[in-house]
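Colleague: Please put the model up, and then I will ask about particular residues and contacts.

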Amino acid sequence: MKNVTKLSGVIALALAASAVSADEVRVYNWSDYIDEELLQKFEDETGIDLIYDVFDSNEVLETKMLSGGSGYDVVVPSGTFLQRQITAGAFQKLDMDQLPNAVNLWDVIQDRTIQYDPDNAYSINYMWGTTGLGVNVGRVQELLGEDAPIDSLALVFDPANMEKLAECGVHFLDAPGEMIPAALQYLGEDPDSKDPDVIARTAEVFAGVRPYIQKFHSSEYINALANGDICVAFGWSGDILQARDRAAEADNGVEIAYNAPSEGALMWFDQMAIPVDAPNVEQAHIFLNFILDAQNAAAASNYVYYANGNSASTEFLIEDVIGDTAIYPDAATLENLYTTTPYDARVQRVVTRLWTTVKSGQ
């Protein structure tokens, strides 16, 4: 009996070890958006296997979320998409008792994300930033002159500028929810307009510059800017700052600058949330609480060069991040930022058709 008992104990231990090794969390995040050493740190500290996949547009994520059964435990939609998906029942409320590090969340950002997430009950802020202009300063000034409008929407929406810039390459985000509001801002309209007739006015803006846009993509412009393959990208602040630093590290003579447009820039928020059908809810909370740790949040920002919604992380941010007003804007720039809210189904169809036309150039 002792031998049987001992054998049973060995089997029990083996089963327990198997159960531990099967412990996992599946995360779906934007590409080029976290320090891989942080992912390894999570596995080392928790013993949980991390399956980490990436996407490069909100539309790709939304298709998975609204079709159900994504298989992911944590996903990272932007604010407007989060709001629409909450309304559709795609997410579950967070158990704040499992997130003790939520005390680190920054009230300034919480006050803004609440418009997308009622009571901030479904998500935590991962990163936030602006959408604006990334330029290869030397090449742009070579083509447009020393007074090139590198901080103005006219750089990319004035056909006269774009015709010249086509020589060195221009990329636009493949993100209608960000590009159309920018075009509305250029026209002097409300960037959050839901009027189909007003939105339709942007078609003429895009038609005027479409022949000069090399590509619509939401991640390729990082390396393209850094390598000098293009000279302008309308993209996300942190991505462009990553391109700036990659160019500096390569010492390839490419000087990249980022500017939030002087006419006003979109302020966006990427939120971590748990799908309603997540298979590993407890592990999802463990992952969120890990990200909410002040030093971990700082490590993420120090790597991707985006601001985060974690006020306790400030003391751990490197000067290149916390001291850069392109990442943590000054009061005047913050005042000039705008936010947008989701389109309803009817207007979304209008936007989707318009964007398809813009991209096809028809």
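**Contacts, core and salt bridges**

Modeller: The side chain of Gln-271 makes a polar contact of 3.0 Å with the side chain of Ser-123. Note that this is a predicted model.

Colleague: Which other side chain is joined to that of Gln-271 by a polar contact of 2.8 Å?

Modeller: Gln-271 sits in strand β9, residues 265-273. Beyond four places in sequence, the residues in contact with Gln-271 include Ser-123, Ile-124, Asn-125 and Tyr-126. The side chain that makes the 2.8 Å polar contact is that of Asn-125.

Colleague: Is Gln-271 buried or exposed?

Modeller: The cut-off for buried is under 20% relative accessible area. Gln-271 has 1%, so Gln-271 is buried.

Colleague: Which strand gives the most to the largest nonpolar core?

Modeller: That core has 118 residues, and Val-140, Phe-157, Leu-165, Phe-172 and Phe-287 touch the most other members. The strand that gives the most to this core, with seven residues, is β9.

Colleague: Which phenylalanines is Phe-172 in contact with, leaving aside neighbours within four places in sequence?

Modeller: The contacts of Phe-172 include Val-156, Met-162, Met-179 and Ile-213, and also Lys-215 and His-217. In soluble globular proteins, nonpolar side chains tend to be buried together. The phenylalanines in contact with Phe-172 are Phe-157, Phe-206, Phe-216 and Phe-234.

Colleague: How many residues apart in sequence are Asp-32 and Arg-246?

Modeller: Asp-32 and Arg-246 form a salt bridge, with their closest N and O atoms 3.7 Å apart. Asp-32 is in the loop between β1 and α2, while Arg-246 is in helix α13, so the pair links distant parts of the chain. Both are partly exposed, Asp-32 at 37% and Arg-246 at 26%. Their separation in sequence is 214 residues.

Colleague: In which helix do Glu-45 and Lys-41 both lie?

Modeller: These two form a salt bridge with closest N and O atoms 4.0 Å apart. Glu-45 is exposed at 53%, whereas Lys-41 is partly exposed at 30%. They are four residues apart, about one turn of the helix, and that helix is α2.

Colleague: What is the distance between the closest N and O atoms of Asp-174 and Lys-359?

Modeller: Asp-174 lies in the loop between β5 and α9 and Lys-359 in helix α18, so the pair ties together parts 185 residues apart in sequence. Lys-359 is partly exposed, at 32% relative accessibility. The two form a salt bridge, and the distance is 2.9 Å.

Colleague: How many salt bridges does the count come to?

Modeller: Arg-244, Asp-245 and Asp-324 are linked in a network of salt bridges. The count comes to eleven.

How values were computed. Residues are numbered from 1 along each chain as its sequence is written. This is a predicted model: local features need pLDDT of at least 70, side-chain atom pairs count only at pLDDT 80 or more; totals for chains, interfaces and linings use all residues. Side-chain values use heavy atoms; hydrogens and water are left out. Helices (H or I, at least four residues) and strands (E, at least two) are DSSP runs, numbered from the N terminus. Buried means under 20% relative accessible area, exposed over 50%, partly exposed in between (1.4 Å probe, protein chains only). A polar contact is a pair of N or O atoms within 3.5 Å; within protein, one must be able to donate a hydrogen and the other to accept it, and residues adjacent in sequence count only if both atoms are side-chain atoms. Contact means heavy atoms within 4.5 Å. A nonpolar core is a set of buried Ala, Val, Leu, Ile, Met, Phe, Trp, Tyr and Cys residues joined through side-chain atoms within 4.5 Å. A salt bridge is a side-chain nitrogen of Lys or Arg within 4 Å of a carboxyl oxygen of Asp or Glu.
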